[in-house]
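Trainee: Please pick one single part of this model and take a close look at it with me. After that, I'd like to hear about its surroundings.

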Amino acid sequence: PSPLGPTPKLVIDLERLAQLPKEKAGALARYAATIQSQRGDYNGKVLSIRQEDLRSLAVIYDKSPAELTEELIGWGVLDAEARRAVEAF
Ligand code: C2E
Ligand code: C2E
Ligand code: C2E
């Protein structure tokens, strides 16, 4: 096992996401809303997403998963722990 503990989850801050301009965050917001709807998970302040979904989002944003993760950390949508989740790819 890693000395830093288990691989952290990718946890989207939905309140922060809702504050961002649609030009930037619209695609991510629609993706998150779709996952919430599929799960029936409507009332959360955060949403844990699959690592596979970050790969799909990276394709949508035309970035590598690591680059997209840095952007989302910069927006305050992911916390810095998410870097370790993406290193595990
Ligand atoms: P599915 O992928 O066939 O998963 C069926 C159920 O297995 C899920 O029902 C959930 O209870 C459980 N499950 C599957 N993978 C995981 C996991 O990694 N962690 C946890 N905690 N549970 C898991 P649920 O949540 O009602 O989702 C229904 C369907 O909605 C899923 O069927 C899947 O097609 C879609 N879905 C839900 N959340 C996500 C997501 O984060 N990403 C993607 N790509 N699809 C999702
Ligand atoms: P955790 O994964 O560290 O999540 C901590 C808290 O963040 C959760 O407390 C919940 O308030 C929020 N949270 C995280 N991801 C989501 C999300 O996708 N949707 C929503 N609505 N809230 C989210 P909570 O619910 O009391 O759960 C405490 C702990 O119990 C979780 O810690 C996790 O370790 C476990 N847990 C809860 N539900 C599931 C589940 O469906 N699958 C698995 N594998 N563990 C779960
Ligand atoms: P988690 O529930 O703690 O699951 C951690 C990892 O265990 C998942 O990482 C996945 O690799 C594996 N896993 C858990 N349940 C299943 C399952 O039913 N089928 C398969 N094939 N693998 C499973 P992953 O995929 O990166 O997901 C990260 C977190 O996103 C999950 O943590 C959970 O909080 C959330 N999540 C992912 N998919 C679903 C889903 O379909 N429904 C719900 N409610 N939550 C999900």
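Mentor: Let's start with a term: helices (H or I, at least four residues) and strands (E, at least two) are DSSP runs, numbered from the N terminus. You'll also need the ligand shells, and a residue counts as near a ligand if its C-beta atom, placed from the backbone, lies within 6 Å of it. This is a predicted model, where local features need pLDDT of at least 70 and side-chain atom pairs count only at pLDDT 80 or more, while totals for chains, interfaces and linings use all residues. As for names, residues are numbered from 1 along each chain as its sequence is written, and chains are lettered from A and ligands numbered from 1 in the order in which they are written.

Our part is helix H2, residues 22–39. H2 has 18 residues and reaches 23 Å from its first C-alpha to its last. That is close to the expected 26 Å, where the expected span is 1.5 Å times one less than the number of residues. Follow the helix along and you'll find a bend of about 25 degrees at Leu28; the bend is the angle between axes fitted to the seven residues ending there and the seven starting there. Just after H2 comes Gly40, with a positive phi near 70 degrees.

Now for what sits around ligand 1. H2 gives the most to this shell, with three residues. The whole set is Ile35, Gln38, Arg39, Ile49, Arg50 and Asp53. By class, that makes two nonpolar, one polar and three charged residues. For the classes, Ala, Val, Leu, Ile, Met, Phe, Trp, Tyr, Cys and Pro are nonpolar, Asp, Glu, Lys and Arg are charged, and the others, Gly among them, are polar.

Arg39 turns up again around ligand 3, together with Lys9, Ser48, Ile49, Arg50 and Gln51. That shell has one nonpolar, two polar and three charged residues. Around ligand 2, it is strand E2 (residues 46–49) that gives the most, with three residues. The shell of ligand 2 consists of Lys9, Val11, Asp41, Gly44, Val46, Leu47 and Ser48.

H2 also has a role in the largest nonpolar core, where it gives two or more residues, as do strand E1 (10–13) and helices H3 (51–60), H4 (65–75) and H5 (82–87). Such a core is a set of buried Ala, Val, Leu, Ile, Met, Phe, Trp, Tyr and Cys residues joined through C-beta atoms within 7 Å. A residue is buried if 20 or more other C-beta atoms lie within 10 Å of its own, exposed if 12 or fewer, and partly exposed in between, with C-beta atoms placed from the backbone. This core has 14 residues, and Leu17 is one of those with the most contacts inside it. In soluble globular proteins, nonpolar side chains tend to be buried together.

Leaving aside its neighbours within four places in sequence, Leu17 is in contact with Ile12, Ala25, Leu28, Ala29, Ala32 and Val77; contact means C-beta atoms, placed from the backbone, within 7 Å. Yes, that's the Leu28 where H2 bends.

Compare Ala33, also in H2. Ala33 is partly exposed because 14 other C-beta atoms lie within 10 Å. Ala33 and Arg84 are 51 residues apart in sequence and 25 Å apart in space, C-alpha to C-alpha. Leu4, in the segment before E1, is 80 residues from Arg84 along the chain, yet their C-alpha atoms are separated by 9.3 Å. Leu4 counts as exposed because it has 9 other C-beta atoms within 10 Å.

Technical notes:
Contact = placed C-beta atoms within 7 Å.
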